[in-house]
Amino acid sequence: MMEHTASAAVQTAAAPTSTQDASRRAWLDVKQGFENWRVWWLLGIGDIRQRYRRSKLGQFWITLSIAIFIGAIGVVYSALFRQPVQTYIPYLATTFVVWTLLSGIITDSTGAFVQAEGFLRQQALPKTTFILRVLVRNFLSFAHNVIVIPFVFLLFGVAPSWTWVAALGGIVLVAVVGFLAAMICAILCTRFRDLPQIIQNIIQVAFFISPITWQVEVLDERLRHWVVLNPFAALLRIISEPLLGRIPDPLTYVSAVLSVVALALIAWPLFRRFRQRIVYWL
């Protein structure tokens with residue numbers, strides 16, 4: 001009886017220690033991942049170069065395709081929604097370029113650890129490195145694609161505004177959300193290999209229910225407040241609205257910050273518990 005009591009006491013004391021050790025190791029992984037910035041920076045650049053190797057335009061093929069999409073869809077949808085082309089196409093350009101960043105991070109993150117199988121099986125690199133690799137890859141693509149926006153603004157006479165500074169804060173928030181969402185997707189998709197297809201379908205649906213090709217102002221007054229419940233809408237607006245010379249309402253920023261908090265509450269326990277199992281799922 002005394003032995004059983006002593007064993008139970010040892011297990012009870014060991015449980016918090018094990019949890020604390022897992023938290024310490026997970027935090028060390030994140031810390032070392034950010035400190036080894038040269039690794040994920042070079043990996044991200046290498047992915048871009050590999051993807052467009054021997055191509056004349058390289059990454060600018062995506063930029064060209066986005067420009068063609070904006071021009072074609074802009075003319076058609078401005079007529080369908082009865083919106084002036086001079087205001088609708090700049091709106092579409094900003095929202096669609098931001099959407100390519102958001103959707104690219106999420107879809108790429110589904111294979112972050114699977115793509116890095118060779119590294120993870122041979123070297124003790126921080127798992128965070130490969131999440132940051134996804135961010136580098138997509139933000140480099142975003143830097144190429146954002147070139148479309150100044151040309152559209154020049155073409156349609158959109159004047160520079162001090163609100164553009166606020167877009168930088170939006171980009172920082174999107175980077176934080178992207179990191180947390182990529183962490184969640186990467187872990188779950190490594191364990192459950194059917195999830196990438198499900199996530200791609202969700203992204204396709206999210207494209208149509210988010211204010212990308214349509215403006216919130218065209219909705220009925222009773223329906224506008226429902227847009228706040230869409231986290232993609234808030235993330236789109238905190239970048240696109242300042243670029244268009246408007247500051248988003250406080251509720252939009254609150255929604256974006258709540259997205260960060262919610263994702264952090266999911267990502268941290270998930271990463272802390274399953275970080276060491278990732279290599280066994282590959």
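Helices, as I use the word today, are DSSP runs of H or I with at least four residues, numbered from the N terminus. By that convention, Thr 110 sits in the loop between H4 and helix H5, the latter covering 112-115. Please bear in mind that the model before you is predicted.

Allow me to stay with Thr 110. Is this residue buried or exposed? Its relative accessibility is 8%, and because buried means under 20%, Thr 110 counts as buried. A polar atom of its side chain lies 2.6 Å from the backbone oxygen of Thr 107. If we set aside neighbours within four places in sequence, Thr 110 is in contact with Cys 185, Cys 189, Pro 196 and Ile 199.

I turn next to Arg 82, in the loop between helix H3 (60-80) and helix H4 (85-109). Here the relative accessibility is 77%, so Arg 82 counts as exposed. Its backbone also deserves a remark: the phi of Arg 82 is near 55°, a positive value in a residue other than glycine. Most residues other than glycine have a negative phi.

Finally, the interior. The largest nonpolar core comprises 71 residues, and those with the most contacts inside it are Ile 70, Trp 99, Phe 113, Ile 131 and Ile 187. Which helix gives the most to this core? The answer is helix H9, residues 164-191, with 14 residues.

What does Trp 99 touch, residues up to four places away in sequence not being counted? Its partners are Gly 104, Ile 203, Ala 206, Phe 207, Ile 212, Phe 232 and Leu 236.

Note on methods. Residues are numbered from 1 along each chain as its sequence is written. This is a predicted model: local features need pLDDT of at least 70, side-chain atom pairs count only at pLDDT 80 or more; totals for chains, interfaces and linings use all residues. Side-chain values use heavy atoms; hydrogens and water are left out. A nonpolar core is a set of buried Ala, Val, Leu, Ile, Met, Phe, Trp, Tyr and Cys residues joined through side-chain atoms within 4.5 Å. Buried means under 20% relative accessible area, exposed over 50%, partly exposed in between (1.4 Å probe, protein chains only). Helices (H or I, at least four residues) and strands (E, at least two) are DSSP runs, numbered from the N terminus. Contact means heavy atoms within 4.5 Å. A polar contact is a pair of N or O atoms within 3.5 Å; within protein, one must be able to donate a hydrogen and the other to accept it, and residues adjacent in sequence count only if both atoms are side-chain atoms.
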